[in-house]
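I opened the model to see what could be read from it. These are my notes, in the order in which I looked things up.

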Amino acid sequence: MTVTIVGAQLGDEGKGALVDRWGEEADTVVRYQGGDNAGHTVVEGGEEYKLSLVPSGCVRGKTGVLGNGCVVNPRTLFDEIETLREKGLDPDVRVAKRAHVILPYHRVFDNMEETDKEDTDMKVGTTGRGIGPTYEDKAGRRGVRIGDLLDTDVLRNRLEYTVANKRAIAEEVYGIDAGVEFDVDELVAEFAEYGRRLQENDMLVEAGDFLYEQHEAGGNLLFEGAQGTSIDIDHGNYPNVTSSNPTAGGATVGSGVGPGVVGAGEIVGIVKAYLSRVGEGPLPTEMEDDEEDLADEIREKGGEFGTVTGRPRRIGWLDVPMLRHAARRSSFTGLAVNHVDVLAGLEELQVCHSYELDGETRETVPATTEEWARCEPNFREFETWSEQDWSAVAEEGYDALPAACRDYLEYLESELGAPVYAVGVGPDRDQTVERQTPWE
Ligand code: GDP
Ligand code: IMO
Ligand code: MG
């Protein structure tokens, strides 16, 4: 069967922790979109692993696949594998030949465009990894795919066209000196060598067939979504989004596993018990002005600093319209709610139940970002809960959670129409209250 993990909010909901937890029963863990903009954390017995491109199942020694919907930077992939080896892991990573390659000039474009947008409301606050420009080239049919790295003539032909085009834009539109990132000979030499390494290490796959065969043989596939629903390029708050589809539909398009298979499995929405956001864009429930101290408290306690860029994350109260939107777009069959330990001991606890927009009450997210930015939250006050010995709570199970915390979770279940399978009470693998695994 399959289990698909999807971020229900703005990324960093703690997806890595659940992929690790539920990875035990998976045979293969599959990333279906995004690239090294992701920062997924797994903590096992106090040891912390930060994963950007290598699927989080590697901590348990599971095979990881980077599907065709991913954008892959071979430089960072090999660096990450090396770092994980130094930590004692032996990552088995397979890369779809149909996945697109992030080339050095994509990062130059990412940063150039962000600088250009600096003083406009178009600024995204990207991770600077070249994600958007690579997907642009994919859609523009001028990209380079992983499979193209194996044939130097094909690679050179692609690059000769694309690099000339990029160089002209960089120099004539942005007025920069195009450096070594735009040197076709250098690029061919470096990236053909990555192709050779990928092949020599038996890392290349036709992902759809590889996964089809595993599924046919009764294997368990765990899809590891990166980013989150509200930064999905279609369903997020455009243009303050990433350039791929983290929502569950992405799992099928981005892996080559059919929608019947993904839809017959479980789709679990990962929810952070409050909100965090890195980068630009509206956040109707953001803690600002007289709530800044509270935001600082949560940021410090929850370690809310970007895994990839180290930026402090913006903090807000839980936004239920955002979650209804996510549950509907991805057909959640279950939920995992993380970080309830971070909310413990607060003096107040608010949840946005609905929005007020132009004199109307709305329970879902409006389609334009301008409207979303104008939404005023209608808050509901919830009872707070106190600090606990969370590891003991995790061991004892759901009924050991404070009653106020269970009320909060049960409100979410009823609003989203999906049961809570797991509750995160700390970063460690063992600090999860599990009611049910999605494999059951
Ligand atoms: P991801 O991108 O969705 O995988 O999430 P990140 O790894 O970027 O951010 C989540 C952070 O919270 C990481 O530092 C995790 O170790 C940590 N974390 C995950 N679940 C919990 C939880 O339930 N409680 C606490 N306190 N931390 C958690
Ligand atoms: P994980 O998988 C949170 C945000 C960036 C920026 C926008 C576009 O760890 O949850 P990009 O570099 O993708 O073009 O940036 O998306 N962003 C994330 N925010 N978690 C992530 O990944 C993110 N990946 C990208 O901050 O606002
Ligand atoms: Mg993250």
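**Entry 1: helix α2**

I listed the buried residues of α2 and got Pro74, Thr76, Leu77, Phe78, Glu80, Ile81 and Leu84. The model is a predicted one, so every value in these notes is computed from predicted atoms. I recalled that an α-helix has 3.6 residues a turn, so residues three or four places apart point the same way. I kept that in mind while reading the list.

Next I checked the length. Helix α2 covers residues 74–86, which is 13 residues. The expected span at 1.5 Å a residue is 18 Å, and the end C-alpha atoms are 18 Å apart, so expectation and model agree.

Then I looked at both ends. At the N-terminal end, Asn73 acts as a cap: one of its side-chain oxygens is 2.9 Å from the backbone nitrogen of Arg75. Just after the helix, Gly88 has a positive phi of about 95°.

**Entry 2: the magnesium ion**

Which residues coordinate the magnesium ion, ligand 3? I found Asp12, through OD, and Gly39, through its O, at 2.0 to 2.2 Å. Asp12 sits in the loop between β1 (2–7) and α1 (15–22), and Gly39 in the loop between β2 (28–31) and β3 (40–44). The pair therefore ties together parts that are 27 residues apart in sequence.

I also looked up how covered Gly39 is. Its relative accessible area is 12%, and buried means under 20%, so Gly39 counts as buried.

**Entry 3: ligand 2**

I counted 20 residues around ligand 2, and the nearest are Asp12, Lys15, His40, Thr127 and Thr242. Sorted by type, the shell has seven nonpolar, 10 polar and three charged residues.

I noted three distances from oxygen atoms of ligand 2 to side-chain N or O atoms:

- For His40 the distance is 2.7 Å.
- For Asn37 the distance is 2.9 Å.
- For Arg311 the distance is 3.1 Å.

How much of ligand 2 does the protein bury? On its own the ligand exposes 550 Å², and the protein buries 97% of that.

**Entry 4: ligand 1**

Around ligand 1 I found 19 residues, with Lys15, Gly39, Thr41, His339 and Asp341 coming nearest. A nitrogen atom of ligand 1 is 2.7 Å from a polar side-chain atom of Asp341. An oxygen atom of ligand 1 lies 2.9 Å from a polar backbone atom of Gly16. For the side chain of Arg313, the distance from one of its N or O atoms to an oxygen of ligand 1 is 3.3 Å. Taken alone, ligand 1 has 580 Å² of accessible area, and the protein covers 94% of it.

**Entry 5: Lys15**

Lys15 had come up among the nearest residues for ligand 2 and again for ligand 1, so I looked it up separately. Lys15 belongs to helix α1. Is Lys15 buried or exposed? Its relative accessibility is 3%, so it counts as buried. A polar atom of its side chain is 3.1 Å from the backbone oxygen of Gln227.

**Entry 6: Val59**

Last, I looked at a loop residue. Val59 is in the loop between β4 (47–51) and β5 (63–66). With a relative accessibility of 9%, Val59 is buried. I then took the C-alpha to C-alpha distance from Val59 to Asp90: they are 8.5 Å apart in space and 31 residues apart in sequence.

How values were computed: Residues are numbered from 1 along each chain as its sequence is written. Chains are lettered from A and ligands numbered from 1 in the order in which they are written. This is a predicted model: local features need pLDDT of at least 70, side-chain atom pairs count only at pLDDT 80 or more; totals for chains, interfaces and linings use all residues. Side-chain values use heavy atoms; hydrogens and water are left out. Donors are N, O and S atoms within 2.8 Å of the metal (3.2 Å for Na, K and Ca); water is not among the atoms, so sites may look incomplete. Helices (H or I, at least four residues) and strands (E, at least two) are DSSP runs, numbered from the N terminus. Buried means under 20% relative accessible area, exposed over 50%, partly exposed in between (1.4 Å probe, protein chains only). The expected span of a helix is 1.5 Å times one less than its number of residues. A polar contact is a pair of N or O atoms within 3.5 Å; within protein, one must be able to donate a hydrogen and the other to accept it, and residues adjacent in sequence count only if both atoms are side-chain atoms. A residue is near a molecule or strand if one of its heavy atoms lies within 4 Å of it. Accessible areas come from the Shrake-Rupley method with a 1.4 Å probe; for residues, only the protein chains shown count as cover. Ala, Val, Leu, Ile, Met, Phe, Trp, Tyr, Cys and Pro count as nonpolar, Asp, Glu, Lys and Arg as charged, and the others, Gly among them, as polar.
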